[in-house]
Amino acid sequence: MTEYPTSQEGPQPVASGGGTDEAGHGKAPIAAAEAVRTHAQGPGAEPGGGPAGLPRPRGVASADLPAGTDPGRDLAVSRDGGARARDTGAARNAAADGAQGLPARDTAAGPAGAPDRSGPGSPHPAGGDRHGGGSGIPAGGGAGDTAARREGDRLRFVGAATRRIARGIDLDEIVLGLCRATVPTFSDAILVYLRDPLPVGDERPLGPVVLRLRRTDRLRPIDDLTDAASGGATGAGLDLAGAAGATGELDFSQLPLVGPQGDLPAAELCEIRSGGALAEVLRGVRPVFGSSAAAKAALPELLGSEHPLPRGNRAVLAPLRGRRRVIGAAVFLRSPERPAFEQNDLLVAAQLATHTALGIDKAVLYGREAYIADELQRTMLPDSLPQPTGVRLASRYLPAAETARVGGDWYDAIPLPGSRVALVVGDVMGHSMTSAAIMGQLRTTAQTLAQLDLPPAEVLHHLDEQAQRLGSDRMATCLYAVYDPVSHRITIANAGHPPPVLLHLGGRAEVLRVPPGAPIGVGGVDFEAVELDAPAGATLLLYTDGLVESRLRDVWTGIEQLRERLATTAQLTGLDHPPPLEALCDDVLDMLGPGDRDDDIALLAARFDGIAPSDVAYWFLDPEETAPGRARRFARRALTRWGLEELQDSLELLVSEVVTNAVRYAERPVTLRLLRTDVLRCEVGDDSPQLPRQRRARDTDEGGRGLFLVNRMARRWGATRLSSGKVVWFELSLPAADERR
């Protein structure tokens, strides 16, 4: 995608004497074209062209610039034709050199209407020196001194340009740095083509190599600026008819550097033909003049057959070679009014191309690493949260910064037998790929332990052992809670994590008093669990320390601010209505101010709806032959009480099959529980750890069809192993009338 540099849309009208805009930038005076082209330099004036490496837009001399104008800022335009003031690195370096006592750089000023537009290292145009002499050599010096100064200018320009390019870490920033550093100091226009797609590392292209126009930039003639400001006819567009010189040579304003959205032709895509002229030039790596035989055949292939080219050595084609292969090409162009490129300019182009290509290589590799980090972090966190019975969940995750997208914070919600749910939030020490990998292992371990229905303190104990097996320096904090919607209770165990905050329905927010415990990975520490009330309508907020701790505040100050923020949010929504979970999470994150993002943040909010006692039926059945019949009778009575007689036949059949299978292996009483929520859920528990498996019975088998019927008739079903046995459950959809209730 082609990028357009942001800039001013055009020069603003000012008095003929010039001035500065609101930002302090010099503005070119709006005057007649002849007045703009006049050189008004005296013996003590600055040279018209500035340092040898700093060209000036056509028709502008130093005497024409307003007072206070920075000679290192040139008027240029992007592909949309807007004018902008641009800092050139070489000008800034030249000013710094003068302040440090370095030799002043000299540039001869040409006659009126023909200002100096030489690039770094280009020869001075004939017509006199800065003091008005006709020798072209500054007074008091010789040709050797001038050559040395110009060589110094070239080196300073290359240094400034490479620093400008090296500042970018993003692909577009690097390409923009190349364009801004070279236009107009080194060339009047530039086109940058890059491979599409760009190869990463040792990747080899599978199809043909295609170059895409990534960016263009060019210098706009001052005539167009003055005409546009004075309302001339050519203000809306370039006057191409008068842009050619006396010899009919193409002016740089005619070069089609506006890309696919412009009016002039420019090749957006170029497929490199194997064995073609462009392939040979790119394979040679070194920059070549546009007048060379190889470039004459390669440039039309790259830019398009309709693309006009300047004559002579006013075009340079520079391949962009990264660490392993050519990744693109840059084309530098100069106008006829400016001296052509010299042999030394090929060395400059080679330096710019090399630094740009290496920077692009690094940017592509960095982008791949960032993508891998993002994918790793995304896969380590749950894609979506479950919606278990009796609780609603919402979550947020924020990385520490764009440059540190990977962290060790995680959250999870794990459905448990008996309609319970485990809520987990943890924080592994560090912000690296290693921290994310350890976080993924601990999260997987916690999920496995949760499915065993271990108490929260036991889960943390096993996590502590797992962290020690991963390494002696693997430290993490974790908070593990189990919510039971039937009993409206929650059991919490903590391992060095910030305490949760409970927001009651009436708007009161409290920090739960949970034993802090030691972090996971310390070893040899017992964890203590507490059981607390979880009233319906209350909201539990679990979070990591990145939300409440930063360089500007300690953790307890942040926790108090969080508690106050939750209470304020609840009062805004009303005391009888809890705030929406998603909006509550966003509002909590809004409390973060500048400087509060020192760590990544994981946030898990749980709204306790619970299950009313009237929607629960529970029985104990002795493991005997009459148990299935008793289970059918209990189920029939519960359905009658709930007005769900339509489900009677299906429920009795499935309950009879599951209870029969439990009685066959159980030694202690079997439990039967029915839950009415958005579905009808049946749970049968026994003390046998062997999980039932569905199999296909043969025609001659008398049994083995119970789970087949459950699988065909139930909405969902499953079996979970517990520390004291197992639970087999299934769900039936409620009738439509009851779903509307």
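## A walk through sheets, helices and a few unusual bonds

A search of the whole structure finds 27 salt bridges. Keep in mind as you look around that this is a predicted model. One of those salt bridges is a good place to start: the side chains of D188 and R338 meet with a nitrogen-to-oxygen distance of 3.0 Å. D188 sits in the loop between α4 (171-182) and β5 (189-195), while R338 belongs to the loop between β10 (326-333) and α8 (343-380), so this pair ties together parts that are 150 residues apart in sequence.

Stay with the loop that holds D188 for a moment. The loop between α4 and β5 also contains P184, and the peptide bond joining V183 to P184 is cis, with omega at about 5°. If you follow the chain through β5, you come to another cis bond, this one from D196 to P197, where omega is near 0°. P197 lies in the loop between β5 and β6 (210-218).

Next, let us turn to a pair of helices. Two packed helices are described by the angle between their axes and the distance between the axes. For helix α6 (residues 277-284) and helix α7 (residues 293-303), the angle is about 110° and the axes are 7 Å apart. Angles of 65 to 115 degrees count as roughly perpendicular, and that makes α6 roughly perpendicular to α7. Their crossing is left-handed. On the α6 side the contact is made by A277, L278 and V281, and on the α7 side by A294, A297, A298, E301 and L302. Sorted by character, the residues of this contact comprise seven nonpolar, no polar and one charged. Between α6 and β8 (288-289) there is a loop, and V285 is found in it. V285 has a phi near 70°, which is a positive value in a residue other than glycine.

Now for the sheets. One of them is an open sheet of five strands, in the order β12-β13-β14-β15-β18, with antiparallel pairing. Its edges are β12 (409-415) and β18 (529-533), each of which pairs on one side only. From one strand to the next, the twist averages 15°. To see how an edge strand is attached, look at β18 and its neighbour β15 (residues 489-495): the two pair in the antiparallel sense over five bridges. Within this pairing, I490 stands opposite L532 of β18.

Another open sheet of five strands has the order β11-β20-β19-β16-β17, and its pairing is antiparallel too. Here β11 (391-398) and β17 (509-511) are the edge strands, each pairing on one side only. The twist in this sheet averages 20° from one strand to the next. Inside it, β16 (residues 501-503) and β19 (residues 539-543) pair in the antiparallel sense over three bridges, and L502 has L540 of β19 as its bridge partner.

What lies across β16, β17 and β19? That is helix α11 (residues 555-573), which runs at about 160° to β17. Helix α12 (residues 581-589) packs on the sheet as well, touching β11, β19 and β20 (601-608). The direction of α12 makes about 30° with that of β11.

Further along the chain, we meet another helix pair. Helix α13 (residues 627-642) and helix α14 (residues 648-665) pack at an angle of about 145°, and their axes are 9 Å apart. The crossing of α13 and α14 is right-handed. Helix α13 contributes A627, P628, A631, R632, A635, R636 and L639 to the contact, and helix α14 contributes Q648, L651, E652, V655, S656, V659, T660 and V663. The residues in this contact of α13 with α14 divide into nine nonpolar, three polar and three charged.

Our last stop is a hairpin, which joins β24 to β25 through two residues. Strand β24 (residues 716-722) pairs with strand β25 (residues 725-733) in the antiparallel sense over seven bridges. Among the residues to pick out here is W717, whose bridge partner in β25 is F730. As you inspect these strands, recall that in a regular strand the side chains alternate between the two faces of the sheet.

Note on methods
Residues numbered from 1 in each chain as written. Predicted model: local features only at pLDDT ≥ 70, side-chain atom pairs only at ≥ 80, totals over all residues. Heavy atoms only, no water. Pairing = 2+ DSSP bridges. Helix = DSSP H or I, 4+ residues; strand = E, 2+ residues; numbered from the N terminus. Axes fitted to C-alpha atoms, helices over the stretch in contact; angles between N-to-C directions. Parallel < 35°, antiparallel > 145°, perpendicular 65-115°, else oblique. Left-handed = near helix turned anticlockwise from the far one by under 90°. Contact = heavy atoms within 4.5 Å. Nonpolar A, V, L, I, M, F, W, Y, C, P; charged D, E, K, R; others polar. Salt bridge = Lys/Arg side-chain N within 4 Å of Asp/Glu carboxyl O.
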